[in-house]
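This briefing concerns strand pairing, burial and helix packing in one protein model. The sequence and structure come first, then the notes.

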Amino acid sequence: MLAKWLHRIPLDSTFALVSLILLGRLQITYCQAGGGRIPPSDDVLQAVQDELATITDFFANDIANQFSSCIRDPKKDWNDAFNFSSDLGFVSNCILQTNGDLITRLCTKAEIKFYLNSLYSNKEITFFNPNKNCNLTSWLPGCEPGWACRIGQDQKTSPTDAADHMPSRTIDCRTCCEGFFCPHSITCMIPCPLGAYCPLSKINGSTGVCDPYNYQLPPGSLNHTCGGADIWAGIDKSREIFCPAGYYCPSTIQKISCSSGHYCRLGSTAENRCFRKSSCKPNSGNQDISLIGVLLIVVLSLLLLIIYNFSGQILTNRERRLAKSREAAAVMAREAAHARERWKAAKEIVKKQSKGLQMQLSRTFSRRKSLKQQDSLPMLGRSHESSETSTSNFPEPNKFSKIIHSTEVDTDGVEGYNLEVGGKKKKNVSEGKHRHTRTEIFKYAYGQLEKEKNVQQENKDLTFSGVVTVAIDNKIRTRPLLEISFKDLTLSLGSKRLLRSITGKLMPGRVSAVMGPSGAGKTTFLNALAGKATGCNVTGMVLINGKIAPIRSYKKIIGFVPQDDIVHGNLTVEENLWFSAHCRLSADTSQPDKVLVVERVIESLGLQAVRNSLVGTVEKRGISGGQRKRVNVGLEMVMEPSLLILDEPTSGLDSSSSQLLLRALRHEALEGVNICMVVHQPSYALFKMFDDLILLAKGGLIVYQGSVKQVEEYFSGLGINVPERVNPPDYFIDILEGIIKPSTSMNITSKHLPLSWMLHNGYDVPQDMQDDLNEIDAPSRTSEPSSSRPGLNEQSVSGDLWGSAICTLEQEPDHVSYDVSKLKDLSNRRTPGILVQYKYYLGRVTKQRLREAKAQGIDFLILGLAGICLGTIAGVNDESIGADGYTYTIIAVSLLCQIGSLKSFSLERLQYWRERESGMSSLAYFLSRDTIDHVNTVIKPIVYLLMFYFFTNPRSSIADNYVVLIALVYCVTGIGYTFAICFQSGSAQLWSALFPVVLTLLATQGSTPQLLANLCYPKWALEAFIIINAERYSGAWLITRCGILHKRRYDINHWGLCIAILFLYGVVFRIIAFISMVLLQKKTR
């Protein structure tokens, strides 16, 4: 390992590093002779100190500059490795053993350079290259491992000598001192670092090697004995000199057993106290703290369970309070309505009795008047006072009129008053818009609903034109009116025409039904009207209120109900409706009015009984299919649209549910809403509830567009009569489908019906249909007067409309053209801003996450099991400073967290598309889901670490590991977002499983180009993990640490950079995910 490291390090700098490490900071204070301690001579002490101080000062700056990638604080690391000031016994012993010539036996700069060069050039560290002292012609005993010699007395050496000046060291060869190591083929000594145990070796009689260093004695040298240590390198090459696990070595010549209640890792200089004394037996190499992890995971689980239950209880209590306030308000509103009805009934009785009394009094007065005229002469003598007295007993006629008028006053129209139970009139505290308490708001809403019901009962037969006066009298808010006109609307997909020459008009306040056989283009027609026909070529004109403008400019007041029931299954009915109301109603709408709107929709759609029930998903049963369909419609009704387009809203509903839905839509139409819907096989009663009918034939051709009341009359004019007891729409669709052939004497078949409609209305016939004109009889080609044509009475202004549109196109072409990418909002509705929508989205996602707590708990369980398995199997290996265990950690955490983050966007893709097309903020949607996922970013590393860390007990702190895991989870969550948005569910899961594995393999392979490795996020995560662990490996581990960091091209100072890059990757992938979410369009069917 060291050999692979050294080939990238400058040789002079290498020598400087090892010289400083091996010869630094020794202070000799005494020596030992015989049985007593005698301080060494002042000359020897001064010589050794001068030698080491000179080397330290000479190489200090070079070491700090050249090896900063593995040494962050040189002084601290040198002290941790070579500060022997606490115990200099091995130095004193060596001075005594060498008779005071220790300095003459220490390696010089040239010898250290030679040692490192030989270490680099030989893959197997058994012997070194020949040198001046040890070669083929001269092989001294000091050349053997564990032995050393001294230089001659006439030779002088200095630390500043040239790096290639190797002294002649051939005198007095003897065994290496304890606490030093003497390399093979180098006749000098180097001190062992702290954390090493370097005693004299002993011969093993069985193997013939010198234990514990495993080198052999030279053959034929009977007087040669085992010496000291022979090498210090990485852990894989020199494990023998490391203080063994279960022991600690306060100096390089002492090895003490770890006591009970303590543990000693490999290369320890002191024993570490265990968390529990009973968990560590004598000679323990590590402590078992897995029980702490289990206890902490139990505590975390209980805490999460308490938070979940507490939050759920808060939501439940809130719903109960709302339900109680709502029920109380509803009861009060009903009682007030009953009181109002009783008051009106009393008024009617009083009115009838007053009218009868008035008539009786009138007859009495007239009878008395005639009698006075007859008796005028006899009564002439009566005084004037007596006549006045006789007439004063009866009220005057004007007083009766006042009484009658007072009984006819409608108290409902008086502002600020409300009829309470008992018929008493009482002044309200405030207007509806000024109400703030929950009870007052519900009371206001239900009171308005009861009034609307009364108005509806009194005006059952009113149309939209007739309800205008009622709306004005009752001060009902009206909506902007949208009239949609289209002429020659044609839609093509490649060479295939989906719609052809569609001309007509949709009027506000009317409910239009679009019918036709399968493949007639009904849904395509709705998509073309709503501006959702992406990827198709659309020609013709669509006018809004007589002006050419993109329909999407009015999307804030246009509701589109898709064919599929796209609702949030993990929300209740009321929560679904409320969210749509919050985000899509005008920002100026007061809270009482919002409550009124939502309660009106729930009431009209018959959802009162299930308002607090979850809608349900495929996995979890919720409300019925018919109720879910009505919720799907209610999402658009609560935003009070001016144009409401529905794609098959009655499919799957029974007759009663369909009629309930259509009654609610007709109520919307009375408020001026333009409603157009696709219907399949409606019953006769349901069919009669529509105002207009658009009948399409196969190929996207229009057959009829006009009033429902005149459709049978039109087809009768073509000789097509509906048989008795046959539903007209079913009969017409069967004809268009080709199931029934029309029995007509006018030689008209189903393919001629679109052409007959064009001729009937005077529309231009397309060129490819000119050949069919000759097949139609002359009577059917005769155009009727425009006043008698079905569907044209309501469209009498269409000719003028098209004429003005053509003039606009001819005179002002620049004003007509528009850029779709820069649509101007023409709806005049200011919806809530991004921050307000973000608040609503945040509340919705929070509720969804709380209801998905079981699935979230399973994710935490799997992550915890992964931590247990990896902590038990992989562990943290000292030889790689834990690289293997952390590599598996990166793969496991990345895979599980990426797959978990897919649910944030892949499961609600359809719901997002619907909300985005209705004008809601995509940024608020994305940020809210990401914000809630930050909870997982914080909790998931804790769950994993509580298992992995406490089952492995690495040297790094749990806080440092937690920071790295947070950055890693944040990074991979952003990647998961990108996969969830850009790919389908199956492909996204496959990518999430393969991506971490492939990138980790690329990042950990030494042959991978540096640029490519830097692009892999596992490289930065693994580097951060190894750095926080490597900092805890000092002393004898210094060469091992530097070797691993240089081999992997890591820098010990880059921990902050690694964390920043991981977070940067997370931000970048979130930006990519958001852009993809906005740009990627839904595929058209």
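The notes below are grouped by topic.

The model is predicted. Helix α27 (residues 883–901) packs against helix α32 (residues 985–1004), and an open sheet of four strands carries a helix, α13, packed on it. Two further strand pairs, β21 with β22 and β3 with β4, are also described.

**Helix pair α27 and α32**

- Two packed helices are described by the angle between their axes and the distance between the axes.
- For α27 and α32 the angle is about 155° and the axes lie 8 Å apart.
- Angles over 145 degrees count as roughly antiparallel, so α27 is roughly antiparallel to α32.
- The crossing of α27 past α32 is right-handed.
- On the α27 side, the contact is made by Thr-887, Ile-890, Ile-891, Ser-894, Leu-895, Gln-898 and Ile-899.
- On the α32 side, the residues in contact are Ser-992, Ala-993, Phe-995, Pro-996, Val-997, Thr-1000 and Thr-1004.
- Sorted by class, this contact has eight nonpolar and six polar residues, with no charged residues.

**Open four-stranded sheet**

- The strand order is β17-β16-β19-β20, and the pairing is antiparallel.
- β17 (496–506) and β20 (547–548) are the edge strands; each has a single partner strand, so one side of each has no neighbour in the sheet.
- Strand β19 (residues 537–544) pairs with β20 in the antiparallel sense over two bridges.
- Within that pairing, Leu-543 has Ile-548 of β20 as its bridge partner.
- Helix α13 (residues 522–530) packs on this sheet and touches β16 (484–493) and β17.
- The direction of α13 makes about 115° with that of β16.

**Strand pair β21 and β22**

- In a regular strand the side chains alternate between the two faces of the sheet.
- Strand β21 (residues 558–561) has Ile-558 and Phe-560 on one side, and Gly-559 and Val-561 on the other.
- These four residues are all buried, and both faces of β21 are covered.
- Four bridges link β21 to strand β22 (residues 643–646), and the pairing is parallel.
- Gly-559 has Leu-644 of β22 as its bridge partner.

**Strand pair β3 and β4**

- Strand β3 (residues 147–151) is mostly covered, with five of its five residues buried.
- β3 and strand β4 (residues 169–175) run antiparallel and are joined by four bridges.
- Ile-171 in β4 stands opposite Arg-150.

Notes: Residues are numbered from 1 along each chain as its sequence is written. This is a predicted model: local features need pLDDT of at least 70, side-chain atom pairs count only at pLDDT 80 or more; totals for chains, interfaces and linings use all residues. Side-chain values use heavy atoms; hydrogens and water are left out. Buried means under 20% relative accessible area, exposed over 50%, partly exposed in between (1.4 Å probe, protein chains only). Two strands pair if DSSP finds at least two bridges between them. Axes are lines fitted to C-alpha atoms, for helices over the stretch in contact, and angles run from 0 to 180 degrees between N-to-C directions. Angles under 35 degrees count as roughly parallel, over 145 as roughly antiparallel, 65 to 115 as roughly perpendicular and the rest as oblique. A crossing is left-handed if the near helix is turned anticlockwise from the far one by less than a right angle, and right-handed if clockwise. Contact means heavy atoms within 4.5 Å. Ala, Val, Leu, Ile, Met, Phe, Trp, Tyr, Cys and Pro count as nonpolar, Asp, Glu, Lys and Arg as charged, and the others, Gly among them, as polar.
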